[in-house]
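The following paragraphs lead through a structure step by step, and the reader may wish to keep the sequence and the 3D view side by side while following them.

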Amino acid sequence: MNAADRDTWLAAAAEQFGTPSFVYFTEAIAERIAALRHAFDDQLALSFAVKCNPNPALLKWMVGRVDLLDVSSIGEFRLALQAGWAPALVSFTGPGKREFEIREAVLGGVGLLVLESLREAGIADEVARAAGRVQPVLLRIAPDSVPRGFGDQMAGRPSPFGVDLPDARDALEQIVAMPGLRLAGLHIYSGTQCLKPDAIVENYRGFLSIFTDLCEAVDLTPESLVLGSGLGVPYHDGDTPLPLDAVASAILPDIARFREDPRFAGARLKLELGRYLVAEAGYFLVRVISLKQSRGVSIAICDGGMNNHLPASGHFGMVIRRNYKMHRVGGQSAIDSDTGIYDVTGPLCTSIDRLGGGVTLASLSEGDVIAIHNSGAYGLTASPIHFIGHAPPAELMVIDGALHDVSRFFEATTAWPGEPSPEGQGALATA
Ligand SMILES: Cc1ncc(COP(=O)(O)O)c(C=O)c1O
């Protein structure tokens, strides 16, 4: 889709449904899915990481388009089921699973429980045995190192995620001995947001070598092996998009060699990924409420900010604050002289509510709409929407040439009436 067509949709979205709002273009997601399948020669199954965008309509759209879903809370598991996903196609990761979450997932038929500790293994074993079931599990491994270049490093140093590699063999032996569990394979997810193909390939090679060593050590013929993903997107001006073909052509021969070992011939290799599939398909729309000149700086004060899109404000793990790409809707044809430099802020009473600093945009007037790019992942779901009590933004999807209102709130992810209260809260209620 070219920039003019995209802006026609964005302008219609802002006009019909108001701002602030998120707009997700499904055509762009479909292209990403196709590009991944093509580049990796259909060797890697695609598991969508719900944490990056749990919009129910998006999850429903994903049915049959990606192979699997990965959830990280029981709330996400419920959303997945409500959206029409078979529980057998869902995996459940996350380092802080509570006992009631593990129970609900196991009894609800979750396809793979990704164990992050022996504590989780013990709980799952007990629940499964009591129900007369055997729960398929993966063990998440935290490797000894992560190549440089990942935006968030989740292993290679003290980490809450998974079992550290030096402890993995012992943990696997204990899990194999638990009658309520069936060890179906291994899971590694050690870093996110990488734009360096060499670092991603080095990481995957390391994973294949860990899988080989550990599976041999405990004589496991795995069904399922998760190769993290780490595939990043270019959030900022000057970022180079990841050359997917370079990653794929470097790693496919390693995968072919790996599969020559009969132990791994039948294993399903998976990428677990969020932002690479959906980030660039989404835009966050805000309207300029007020334009202010302050000591020589033009400030565009908008109707949405960090309350709706925390990552764009730079407060979601960004070490050096950089602007997300953005443009004025309908401003792509502005000639150079018709631009201005703006600080773009949100409506909150805090100076950290800033979506952009010193951004060059087509000249702004009050009422104009600004589109923040790369907002399809870790936008609304990663944001403090209750802060300062503004109404939540709309969520809109462009599907098959039509704009749909897919707004939703967060009830389904919080405790439901009648649900066993999480540990500790019962004691408080009766004290
Ligand atoms: C276990 C796990 N899987 C998948 C993801 C998705 O990562 P991304 O959105 O960068 O693809 C994450 C992100 O933190 C994760 O922790």
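Between domain 1 and domain 2, five residue pairs are in polar contact, counting pairs in which both residues reach pLDDT 80 or more; that confidence score belongs here because this is a predicted model. On the side of domain 1 that touches domain 2, the residues divide into three nonpolar, one polar and two charged.

To place this contact in the chain, it helps to know that domain 1 covers residues 86-273, while domain 2 covers residues 280-413. The centres of domain 1 and domain 2, taken over C-alpha atoms, are separated by 35 Å, and the contact draws six residues from domain 1 and seven residues from domain 2.

Where the two domains meet, they bury about 750 Å² between them, and 47% of this area is on carbon and sulfur atoms. On the side of domain 1, the residues that lose the most area to domain 2 are Pro234, Tyr235 and His236, which together account for 73% of what that side buries. One salt bridge is counted between domain 1 and domain 2. Arginine 322 and aspartate 239 also deserve a look, for their side chains meet in a salt bridge with a distance of 3.2 Å from N to O.

The model also holds a ligand, and the residues around the ligand include Ala49, Lys51, Arg140, Met154, Tyr189, Thr192 and Tyr378, together with the run Glu272, Leu273, Gly274 and Arg275. Within that run, the side chain of glutamate 272 has an N or O atom 2.6 Å from a nitrogen atom of the ligand, whereas glycine 274 places a polar backbone atom 2.8 Å from an oxygen atom of the ligand. Arginine 275 brings a polar side-chain atom to 2.7 Å from an oxygen atom of the ligand. Of the 390 Å² that the ligand exposes when taken alone, the protein buries 94%.

Terms used:
Residues are numbered from 1 along each chain as its sequence is written. This is a predicted model: local features need pLDDT of at least 70, side-chain atom pairs count only at pLDDT 80 or more; totals for chains, interfaces and linings use all residues. Side-chain values use heavy atoms; hydrogens and water are left out. Domain bounds come from an automatic or database domain assignment. Contact means heavy atoms within 4.5 Å. Buried area is the accessible area (1.4 Å probe) that two parts lose on being put together, summed over both. A salt bridge is a side-chain nitrogen of Lys or Arg within 4 Å of a carboxyl oxygen of Asp or Glu. A polar contact is a pair of N or O atoms within 3.5 Å; within protein, one must be able to donate a hydrogen and the other to accept it, and residues adjacent in sequence count only if both atoms are side-chain atoms. Ala, Val, Leu, Ile, Met, Phe, Trp, Tyr, Cys and Pro count as nonpolar, Asp, Glu, Lys and Arg as charged, and the others, Gly among them, as polar. A residue is near a molecule or strand if one of its heavy atoms lies within 4 Å of it. Accessible areas come from the Shrake-Rupley method with a 1.4 Å probe; for residues, only the protein chains shown count as cover.
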